[in-house]
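Here's a friendly walk through a structure you may not have met before. Have a look at it first, and then we'll take it piece by piece.

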Protein chains: 6
Amino acid sequence: MAVKDYKYEFFNVTFPSEYVAQVEINRPQKLNAFHEPMWVNIGAIFRRLSYDPDVRVVILTAAGDRGFTAGLDVQQASTGGVLAQPDAKAGSVDPARRAVAIKRHMQEFQDDISAIEKCEKPVIAVLHGISFGLAIDMTTCCDIRLCAKDTRFSVREVEIGLAADIGTLTRLPKANVPLSWVKDVCLTARDFTADEALRVGFVSGVYDSKAATLQKALEVAKVLATKSPVAVQGTKEVLNFSRDHNVADGLNYIKVWNASMLQTKDVEDAMLAGLKKTKPTFAKL
Amino acid sequence: MAVKDYKYEFFNVTFPSEYVAQVEINRPQKLNAFHEPMWVNIGAIFRRLSYDPDVRVVILTAAGDRGFTAGLDVQQASTGGVLAQPDAKAGSVDPARRAVAIKRHMQEFQDDISAIEKCEKPVIAVLHGISFGLAIDMTTCCDIRLCAKDTRFSVREVEIGLAADIGTLTRLPKANVPLSWVKDVCLTARDFTADEALRVGFVSGVYDSKAATLQKALEVAKVLATKSPVAVQGTKEVLNFSRDHNVADGLNYIKVWNASMLQTKDVEDAMLAGLKKTKPTFAKL
Amino acid sequence: MAVKDYKYEFFNVTFPSEYVAQVEINRPQKLNAFHEPMWVNIGAIFRRLSYDPDVRVVILTAAGDRGFTAGLDVQQASTGGVLAQPDAKAGSVDPARRAVAIKRHMQEFQDDISAIEKCEKPVIAVLHGISFGLAIDMTTCCDIRLCAKDTRFSVREVEIGLAADIGTLTRLPKANVPLSWVKDVCLTARDFTADEALRVGFVSGVYDSKAATLQKALEVAKVLATKSPVAVQGTKEVLNFSRDHNVADGLNYIKVWNASMLQTKDVEDAMLAGLKKTKPTFAKL
Amino acid sequence: MAVKDYKYEFFNVTFPSEYVAQVEINRPQKLNAFHEPMWVNIGAIFRRLSYDPDVRVVILTAAGDRGFTAGLDVQQASTGGVLAQPDAKAGSVDPARRAVAIKRHMQEFQDDISAIEKCEKPVIAVLHGISFGLAIDMTTCCDIRLCAKDTRFSVREVEIGLAADIGTLTRLPKANVPLSWVKDVCLTARDFTADEALRVGFVSGVYDSKAATLQKALEVAKVLATKSPVAVQGTKEVLNFSRDHNVADGLNYIKVWNASMLQTKDVEDAMLAGLKKTKPTFAKL
Amino acid sequence: MAVKDYKYEFFNVTFPSEYVAQVEINRPQKLNAFHEPMWVNIGAIFRRLSYDPDVRVVILTAAGDRGFTAGLDVQQASTGGVLAQPDAKAGSVDPARRAVAIKRHMQEFQDDISAIEKCEKPVIAVLHGISFGLAIDMTTCCDIRLCAKDTRFSVREVEIGLAADIGTLTRLPKANVPLSWVKDVCLTARDFTADEALRVGFVSGVYDSKAATLQKALEVAKVLATKSPVAVQGTKEVLNFSRDHNVADGLNYIKVWNASMLQTKDVEDAMLAGLKKTKPTFAKL
Amino acid sequence: MAVKDYKYEFFNVTFPSEYVAQVEINRPQKLNAFHEPMWVNIGAIFRRLSYDPDVRVVILTAAGDRGFTAGLDVQQASTGGVLAQPDAKAGSVDPARRAVAIKRHMQEFQDDISAIEKCEKPVIAVLHGISFGLAIDMTTCCDIRLCAKDTRFSVREVEIGLAADIGTLTRLPKANVPLSWVKDVCLTARDFTADEALRVGFVSGVYDSKAATLQKALEVAKVLATKSPVAVQGTKEVLNFSRDHNVADGLNYIKVWNASMLQTKDVEDAMLAGLKKTKPTFAKL
């Protein structure tokens with residue numbers, strides 16, 4: 001595997017195993033709270049991983065013991081950032097023009113976070129400790145969510161006077177977790193535990209520690225890395241498409257998708273390997 | 001809090017706490033079974049609560065020990081009501097004209113029940129005892145469902161020869177409870193218990209008694225009542241919108257929604273209160 | 001009940017009780033693996049059951065002890081079948097023309113499996129043992145899924161280099177089972193047990209053996225067979241419609257549907273039977 | 001035909017022929033400009049006509065020689081009405097709370113105008129002279145648009161600093177008139193003539209005078225009044241449904257709709273009359 | 001070109017030019033009125049043409065001088081056919097059961113006519129003389145509509161007491177002809193001429209006679225027959241898809257579609273032929 | 001107006017009037033044929049204009065007398081570009097991997113062209129002479145289309161063996177031009193004239209020369225530049241939204257949009273100017 005030059009101020013991108021990338025949020029001194037350069041960076045990273053032929057699966061994790069992220073860096077956001085109130089001369093600010101500015105800003109913010117979902121490769125989230133606000137926005141963009149038993153989740157936005165707008169309110173009801181529960185946690189902004197998250201299905205596995213969770217994620221990632229990337233990436237694409245369309249459209253889409261993808265040599269190689277009990281090797285994608 | 005003049009024959013509307021309204025179905029001598037004046041009333045009540053600036057959250061409950069509601073008052077419905085068969089001169093009734101009459105009637109019935117879902121404020125359902133038919137139609141319109149452990153649920157309609165048409169068959173599959181289970185209870189019309197309802201996620205909490213359930217609902221309601229109403233009502237609106245639209249549309253909607261809502265002073269007040277560990281006060285909405 | 005002449009090479013169709021049909025996949029020597037004649041047959045069977053007035057509910061099961069189905073008969077598919085690679089003269093095959101051939105083939109395959117979902121009568125799946133690949137495609141088309149505790153499920157397709165295209169990736173996310181789990185099992189192609197299937201809600205009941213599962217299915221089927229077929233079939237239709245449409249469209253649909261269906265004498269008969277505690281009899285449909 | 005008691009301050013409702021209602025906007029001294037009581041009235045009128053069995057078709061017209069309507073009564077709207085700016089103490093108005101007030105107000109305004117489209121009976125618009133702003137909002141809700149050759153149309157809203165929000169921007173692109181033209185007239189707020197309206201298809205007939213246009217509308221209305229109301233009203237419903245849904249959904253809808261409507265005796269009577277060259281009579285609806 | 005064995009009682013299928021099929025409705029003695037065997041046949045014919053590699057374009061025309069079709073054979077339909085009233089014992093017919101029977105019947109009728117639209121090859125309609133009812137249902141399924149100047153069109157269904165249910169009300173509003181005009185002709189059931197049809201865009205060419213129209217259709221068909229079938233059939237597919245989906249979905253679909261189709265050798269051959277001014281030859285599809 | 005530094009190799013961006021930008025395609029020696037750097041550039045230009053507060057309307061035009069654009073630079077595309085066939089070692093190229101490469105390439109190409117439609121400011125297309133292929137893709141993204149009488153249009157893609165994939169097949173059916181005509185020109189790839197384009201509504205004005213067309217575009221642009229940018233940009237946004245959504249969604253969207261936009265001071269200023277017959281000035285946006 002070629003050494004990759006993925007250098008970002010607030011993220012460590014490493015390659016713990018063949019075809020596996022690990023993206024680590026790295027601002028632990030601020031509990032990995034997000035300010036604008038960070039979402040610009042995460043967008044750039046996932047757009048690049050999406051087309052990188054040396055990557056077949058991505059793990060999203062965060063540095064430090066205290067948690068995945070405290071969410072938006074509220075202090076920064078309120079002084080010059082996205083939540084900054086107009087200054088003393090506020091009376092002169094036209095609400096329509098301010099609305100347009102907010103909309104444009106939010107568009108970019110959403111686009112950067114949505115890059116995680118649009119990444120062609122599966123993304124596995126590894127959560128631990130404090131996992132507030134943006135932690136939910138970002139990990140609802142991931143395909144598989146695992147967490148440590150010490151994780152404290154919260155859809156925090158109501159606490160600071162706003163409806164979550166970077167994706168939680170849109171994607172969480174589509175994660176197939178009970179809607180009565182979704183509304184409870186989104187409306188009250190209360191904390192919920194790893195066990196509760198597992199019970200409702202928000203995460204699909206809880207492990208003893210951050211390290212154990214990462215270990216499990218790496219195991220799953222290694223499995224995915226050995227499969228045909230044509231099959232794996234097609235599966236992610238069609239599952240996401242189906243979430244957003246009716247059954248008739250979904251069936252038609254997989255049909256048109258597979259019209260080219262079934263022509264891959266991977267099918268022959270995979271079937272042969274299955275019969276011969278050998279390990280198939282698949283070309284890069 | 002101003003004394004409110006909410007007088008309705010079959011409902012008690014009270015205000016147990018600041019910004020909290022409680023709507024109690026009140027026809028216990030008939031096990032709270034519904035006839036036409038009742039759905040007309042419930043529609044009127046929720047349309048009014050929706051815009052009432054003194055209300056930030058609503059609890060829906062029912063009088064008496066026996067149950068939440070036995071559903072449609074079948075006897076009344078079959079003699080002059082919605083299920084009345086055409087009389088002796090039936091041979092002269094044109095099936096198309098009768099179909100139009102049924103459609104118009106159902107439209108009004110649906111509109112009144114849907115008013116619960118359209119209410120801008122969150123609605124918490126408190127179920128107990130017999131909770132049949134309309135109990136499911138009405139509470140799938142609510143945001144959070146809690147119940148007493150003695151609750152006996154049933155999607156009863158098949159038992160009286162019809163497919164449920166006031167919302168259960170439309171909203172229950174969207175409550176993110178397993179579809180195999182949904183079909184089981186809707187097709188067989190069998191009873192299910194509070195525990196089963198919790199396990200599949202139809203309710204998000206089971207409590208020892210009706211009183212304990214109401215107590216819990218009131219606690220949640222008080223929490224919601226202290227939050228920014230701009231944030232809480234926006235969260236409800238966007239969650240409901242997202243249930244019915246794809247992710248791209250949902251993200252766009254919250255963006256346009258928040259273009260005005262983020263201009264609220266509530267954000268500043270909430271953030272400040274968070275930093276100062278004080279309790280913010282928010283203007284009415 | 002009239003003796004029905006349902007003769008198919010790879011399926012046994014029997015009528016274990018009044019109004020109940022049982023469709024048994026019957027190629028146990030190949031672990032019920034599917035080749036083309038089988039999906040053509042299953043399509044034909046369910047299209048016929050859909051309109052058969054002597055049938056009100058269908059049970060789908062499979063012969064033998066080893067399992068429900070191993071999925072696609074890969075060997076057959078790769079030699080002359082749907083996954084056959086172009087022969088030695090492959091260089092001369094135009095990828096666009098091959099894509100069209102694949103698309104047409106897949107259309108027919110999908111149509112035959114979708115016939116299970118389109119069957120107007122409820123379908124109860126009884127799974128046991130090996131239940132791979134097509135087992136999931138087919139049973140996500142069923143309304144209620146029950147299984148024996150020895151069942152080993154797997155969304156197998158990634159293992160043979162392709163994204164599942166006969167319905168699993170489209171319908172499984174709509175079965176209201178947690179999406180993080182859906183992606184895990186679809187991307188990794190790993191096995192999962194009956195208990196796991198129950199916990200996430202993919203099946204709604206697990207029983208001690210294949211025989212016990214079938215016994216339970218038969219009990220449910222008999223219950224459905226005694227209900228008004230107008231009510232039962234309308235309930236299935238509207239639940240499936242609602243899965244694929246938003247709430248406003250769903251409410252409108254049930255309104256138009258019931259405009260004719262509420263005119264049935266079944267309503268009167270069912271209500272009367274309810275009052276008199278007798279067993280109603282409903283005309284065929 | 002029974003004398004109907006349709007009394008409204010700003011509208012004349014008359015019955016020029018059997019089963020034909022004529023709704024005349026009646027505030028000619030203000031060029032029929034609309035203030036709030038008027039849209040509340042028009043909503044009430046069309047909701048009532050929708051279910052009135054003595055009405056099978058409606059003509060919408062306006063009093064006076066100068067025009068159909070000048071649109072919103074801007075003066076009234078800006079002093080206490082929908083466009084009123086917050087007063088001197090504006091600094092104290094929270095933009096989010098004002099946004100909610102605007103939204104609620106607009107909802108009611110839209111609902112009243114949409115009542116024209118939702119009216120179960122076909123509505124024929126007769127336009128003449130000044131036909132600005134709301135004239136387009138209202139008549140895009142009508143089924144058939146006819147106009148006098150002196151008509152001066154304008155999508156006026158941009159002229160007063162806003163995007164048209166009572167329906168024009170939503171319905172005009174769906175009237176199947178060329179989109180390049182739609183954008184031209186909506187973005188520039190320029191006038192366009194009857195001839196231009198006919199050329200692009202916005203109206204389907206231009207006549208010499210208001211009287212001649214009304215005469216033509218009455219002729220069409222009389223034709224519609226003689227047809228089966230089951231057939232006519234079903235045709236309107238399905239055309240509107242189809243505008244908003246894809247072809248598969250549209251075909252399904254007409255199928256379920258006609259499942260009851262084809263049972264009408266009107267079909268038999270209409271066919272018989274066709275064969276016998278007589279005039280059929282249809283029961284009220 | 002191989003001689004094709006397309007034999008159908010009420011249709012002549014011929015091959016006037018290489019890759020061009022002509023389907024002629026052939027019941028001129030009854031003005032080509034349709035009864036059930038005819039729609040079963042037309043469905044079968046178009047399903048077969050869709051996959052026939054010797055066919056790249058289809059012309060739909062009708063025998064005799066009097067017209068394309070008078071529509072449904074009303075006499076036959078009312079005596080044992082789709083519009084048959086229940087017999088004297090009508091009182092005993094359950095309206096719900098009759099509704100189901102109507103729905104099933106209509107489903108088959110719709111499916112057979114929709115086969116024209118689903119045919120993978122472009123279909124050119126050649127209309128002349130009487131073109132009523134089903135003439136519109138069928139030709140809105142066609143891609144290009146041409147007609148003789150003597151054509152008399154009518155959306156006839158209202159005349160016989162019903163809303164058109166075989167596709168006209170669904171597809172005509174999507175043919176991008178002015179909606180005010182669509183509603184006029186659908187609601188009044190009035191005749192309209194070839195010139196009117198051209199003016200509103202329902203047909204895209206009017207010619208002096210049936211023969212001249214057919215001649216023009218043949219010219220267009222020959223042009224299409226010389227183009228790459230991959231390009232032509234993809235163009236039809238994507239245009240139909242786009243009619244039924246939003247722009248984002250349409251752009252995605254053509255992208256996935258062309259992922260395989262752009263790999264065709266036809267692109268290279270077509271470009272080379274363009275440069276060399278030669279006539280390319282394309283393989284069958 | 002500040003001098004803007006818009007420098008692009010193949011485009012001239014000028015500012016002929018206050019708030020009006022003119023984007024001129026500038027590769028006349030190649031008939032303005034497009035290669036990859038050009039679509040990358042046009043994407044960048046329109047993304048920048050979209051947020052530029054000194055721009056309120058954009059005119060898209062092309063250099064030289066011969067035409068707007070000949071479309072894709074086929075020679076370049078086939079040698080190393082988007083249509084390049086795999087080289088001699090083609091046998092080794094996996095069709096699935098090539099499909100992925102095509103898809104990614106097309107995504108970028110589409111995104112750059114769609115930037116024209118997504119530009120928040122209205123875009124007026126000025127077409128002349130040869131206007132093939134991409135000319136249609138690009139101008140269906142524009143809001144208003146004007147052309148010189150010498151314009152020769154063609155949806156050219158079928159001629160080079162492919163279905164148009166940069167937007168024509170998706171957006172042209174939504175331009176509300178008759179579908180029979182759309183299919184004719186898309187399937188045959190034939191030329192059509194300015195007069196034909198006007199008759200079907202593809203363009204909304206035809207002028208004597210390129211200069212006269214540009215003159216007219218400039219007049220319209222100047223009108224738009226004087227209007228409230230809040231009103232104009234909202235109108236564009238809502239018209240585009242409505243094209244892609246049903247009426248209920250469209251009405252809701254404009255309601256939420258205007259909740260903030262109606263708070264603009266522009267409304268007050270515009271109304272005042274209307275009353276005083278003065279020219280309002282609006283702040284930048």
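Let's start with how two of the copies relate. Turn chain A by 120° with 0.0 Å of shift along the axis, and it superposes on chain B with an RMSD of 0.0 Å. That is the relation of a three-fold axis. Which residue of chain A has its C-alpha nearest that axis? It's A:N176, whose C-alpha sits 3.0 Å from the axis. The copies don't use matching surfaces, though: just 7% of the contact residues of chain A recur in chain B, so to speak of different surfaces is fair.Keep in mind as you read that this is a predicted model.

**Where chains meet, and where they don't**

Chains A and C are a good pair to look at. On one side, 45 residues of chain A are in contact with 43 residues of chain C. The two chains bury about 3900 Å² between them, and 64% of that is on carbon and sulfur atoms. There are 2 salt bridges between chain A and chain C. One of them brings together the side chains of A:D143 and C:K183, at 2.8 Å from N to O. The count of residue pairs in polar contact between these chains, both at pLDDT 80 or more, is 18. On the side of chain A that touches chain C, the elements giving two or more residues are β8, α8 (210-226), α9 (229-243), α10 (247-261) and α11 (265-276). Which of them gives the most? That's α9(A), with 10 residues.

Other pairs have no contact. Chain A and chain D don't touch, and their closest C-alpha atoms lie 6 Å apart. Chain B and chain E don't touch either, with their closest C-alpha atoms 6 Å apart.

**A strand tucked inside chain A**

Now zoom in on β6 of chain A, residues 123-127. Is this strand enclosed or open to the outside? All 5 of its 5 residues are buried, so β6(A) is largely enclosed by the rest of the structure. A:V123, A:A125 and A:L127 point one way from the strand, while A:I124 and A:V126 point the other way.

β6(A) has parallel partners, listed here with the residue that pairs with A:I124:

| Partner of β6(A) | Bridges | Direction | Residue paired with A:I124 |
|---|---|---|---|
| β4(A), residues 57-62 | 3 bridges | parallel | A:I59 |
| β8(A), residues 144-148 | 4 bridges | parallel | A:I144 |

**The sheet, seen in chain F**

For the whole sheet, switch to chain F. Its open sheet has 7 strands in the order β1-β2-β3-β4-β6-β8-β11, with mixed pairing. Which strands are at the edges? They are β1 (7-8) and β11 (205-207) of chain F, each of which pairs on one side only. At the β11 edge, 3 bridges join β8(F), residues 144-148, to β11(F), and the two run parallel. There, F:C147 stands opposite F:V206.

**One residue up close: B:T69**

Last stop, chain B. B:T69 is found in strand β5, residues 67-69. Is B:T69 buried or exposed? Its relative accessibility is 0%, so B:T69 counts as buried. A polar atom of its side chain lies 2.9 Å from the backbone nitrogen of B:G71. Leaving aside residues up to four places away in sequence, B:T69 touches several others, including B:L31, B:N32, B:F34, B:I130, B:F132 and B:M138.

Terms used: Residues numbered from 1 in each chain as written. Chains lettered and ligands numbered in written order. Predicted model: local features only at pLDDT ≥ 70, side-chain atom pairs only at ≥ 80, totals over all residues. Heavy atoms only, no water. Least-squares fit on C-alpha atoms with pLDDT ≥ 70 in both. Contact = heavy atoms within 4.5 Å. Buried < 20%, exposed > 50% of the residue type's maximum accessible area, 1.4 Å probe, protein only. Pairing = 2+ DSSP bridges. Polar contact = N/O pair within 3.5 Å; in protein donor to acceptor, adjacent residues only side chain to side chain. Buried area = accessible area lost by both parts, 1.4 Å probe. Salt bridge = Lys/Arg side-chain N within 4 Å of Asp/Glu carboxyl O.
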